[in-house]
Amino acid sequence: MSYSLFLLAFVLGIGGGFQYGLQISIINSPAEYIKSFIHETCLRRYGSSPSEEMITLMWSFVVSIYSIGGLLGALSAGYLSVRFGRKKAMLFADIPSLLSAALMGFSQLCGSFEMIIAGRLFAGVCGGLALNIHFMYAGECAPRKLRGLVAVTASTAIAVGKFVGFALGLREVLGVDALWPILMAANALPALIHLLTLPFFPDSPRYLLIDKKDKEGCIKAVKWLWGDGDHTAEIDDMMAEQEAIREEKAKNMCDLFRDRPVRWQFITLFLVCSCTQLIGSNVVYFYAYSVFINAGIPPAQTHYVSLGVGITEILTTLMCIFLIERAGRKTLLWKSYTVMALALGLLTVTLSLQDSFSWVPYCSVVLIFIFIMTFGIGPAGVLCSLPTEIFIQSYRPAAYVFNGIMNWIQLFILGLLFPFIVEGLGSFCFIIFLTYCLSMAIFVFLVMPETTGKTMLQVMEEFNHLNYRGKKKQTILEQSNCSLVTVTRL
């Protein structure tokens, strides 16, 4: 990887995945302080103390509105990335991030908990927009042999963001009553760094050539990002994709549903990428604290355990960087799904028996770390690059919008239903996620083609065998405007 491409991946990580990971983890530490602030504000305004149920409801709204903002951001990602380009769309995401930091940082000074709610909403808009553009931008800027490696850096950025959020929330740092507004405004610093550095980088070479028809700008961007070597083959691949698409405009989500040339790409996107919340990582984290306490770790030390979990995530995504181009996407996915299914099955058993034998909680600890490591090496890293690789340029923005919408909706619904699921099923709730992981292992192994080292058009050819199964003569792939014509012998 060239130094310029590494710097771009780093800067994109600061403004994209890092912001998302930071907001996911940073909200846990100041929970009691914010609830106390809500209580004091209502008492001062209305002269009466609000009920515990009302405070809990307001706190739930503070947490869950982040997902609503993320949904709004994801909805806008497709239009902004096509209309203004990947780089400008990423820069637009810094505006709601800075606004959210200002609202939450001054909320205590202004005596308004509504500013925290509004700030979380804007933080969600930043996360939904920046995360989608981050995946797309990074995947399109990388040469074919480094496409997976560069895309996985987004997963590493998310893991680092979670770790920094946990670290800043420690009592020794910002996790105290007097400093929680500064903690909630911590996303301002990465937004400023991103806003000041990204303008020095070029836009995506694929966007410049295929969408803007700027071949000279594309060649200049390629040389800037990849160095002065011979990149003729890569540029020829882009031009071949441009020729296949011709004058076709960017597709919308309705086209994903109805167009036959992307039917199995859409099925793969929906099952493998858009349902990642069903893997069960959030549930494992929820049970991790009780498991660690049963294993003898004092409750006061659980925040430090979170740091250990965060470090594990970072290390495993770094391992994925080295494995993804060697082992291949398909192999990493189906094997990791299989291991996660086994870990969840065994974890269901050990959690049911943890009060029966003194050594069982230690087995649960090992299984939790196995699950986290496997998730980082497999889905957390591989799925960052998959939508970029299985869709050609005209469908890619719509695919990322759909993927983002589904993930944010699932995050919101699971956030609401999760307490009831745990209360009703206990540790047996893992069976739901076990079933999904096992199903995806089978689907990826039997259906999904390998994308490692292939051009976008070659991957499309692989999927055409599924999209036009049973066709024995030449098949003409006609999309909605009949402008994409690819002839294949099946």
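Q: What span should the 17 residues of helix H24 (residues 430–446) have, and how far apart are its end C-alpha atoms?
A: The rule of thumb is 1.5 Å times one less than the number of residues. For the 17 residues of H24 that gives 24 Å, and its end C-alpha atoms are 24 Å apart, so the two agree. Helices here are DSSP runs (H or I, at least four residues), numbered from the N terminus. Bear in mind that this is a predicted model, where local features need pLDDT of at least 70, side-chain atom pairs count only at pLDDT 80 or more, and totals for chains, interfaces and linings use all residues. Residues are numbered from 1 along each chain as its sequence is written, and side-chain values use heavy atoms, with hydrogens and water left out.

Q: Which residues in H24 are buried?
A: An α-helix has 3.6 residues a turn, so residues three or four places apart point the same way. In H24 the buried ones (under 20% relative accessible area; exposed is over 50%, partly exposed in between, with a 1.4 Å probe and protein chains only) are Phe430, Phe433, Tyr436, Cys437, Met440, Ala441, Phe443 and Val444.

Q: Is glutamine 410 buried or exposed?
A: Glutamine 410 counts as buried because its relative accessibility is 13%. This residue is found in helix H23 (residues 396–425). Its C-alpha atom and that of isoleucine 368 are separated by 22 Å, with the two positions 42 residues apart along the chain.

Q: How many aromatic pairs are there?
A: A pair of aromatic rings is described by the distance of the centres and the angle of the planes. Rings of Phe, Tyr and Trp (its six-membered ring) pair if their centres lie within 6.5 Å; planes under 30 degrees apart are stacked, over 60 edge-to-face, and the rest tilted. The count here comes to 12 aromatic pairs. One of them joins phenylalanine 84 and phenylalanine 92, edge-to-face at 5.2 Å centre to centre with 90° between the planes. Phenylalanine 84 is partly exposed at 30% relative accessible area, and phenylalanine 92 is partly exposed at 30% too. Another edge-to-face pair is phenylalanine 201 with tryptophan 224, at 5.3 Å centre to centre and 75° between the planes. Phenylalanine 201 lies in the loop between H11 and helix H12 (205–211) and tryptophan 224 in helix H13 (residues 215–226), so this pair ties together parts 23 residues apart in sequence. Phenylalanine 201 is buried, at 8% relative accessibility, while tryptophan 224 is partly exposed at 38%. There is also an aromatic cluster, made up of Phe257, Phe266, Phe270 and Phe402.

Q: What sits over the ring of phenylalanine 84?
A: For a charge to count, NZ of Lys or CZ of Arg must be within 6 Å of the ring centre and within 35 degrees of the ring normal. Here the charged end of arginine 83 does the job, 5.0 Å from the centre of the phenylalanine 84 ring.

Q: Which residues lie nearest the centre of the second largest pocket?
A: On a 1 Å grid over the protein atoms alone, a pocket is an open set of points with protein on both sides within 12 Å along at least five of seven lines, and lining residues have an atom within 4 Å of a point. Of the 21 lining residues in this pocket, Phe10, Gly13, Ile14, Phe18 and Val160 lie nearest its centre. H9 gives the most to that lining, with 6 residues.

Technical notes
On a 1 Å grid over the protein atoms alone, a cavity is a set of points where a 1.4 Å probe fits but cannot get out, and a pocket is an open set with protein on both sides within 12 Å along at least five of seven lines; lining residues have an atom within 4 Å of a point. Helices (H or I, at least four residues) and strands (E, at least two) are DSSP runs, numbered from the N terminus.
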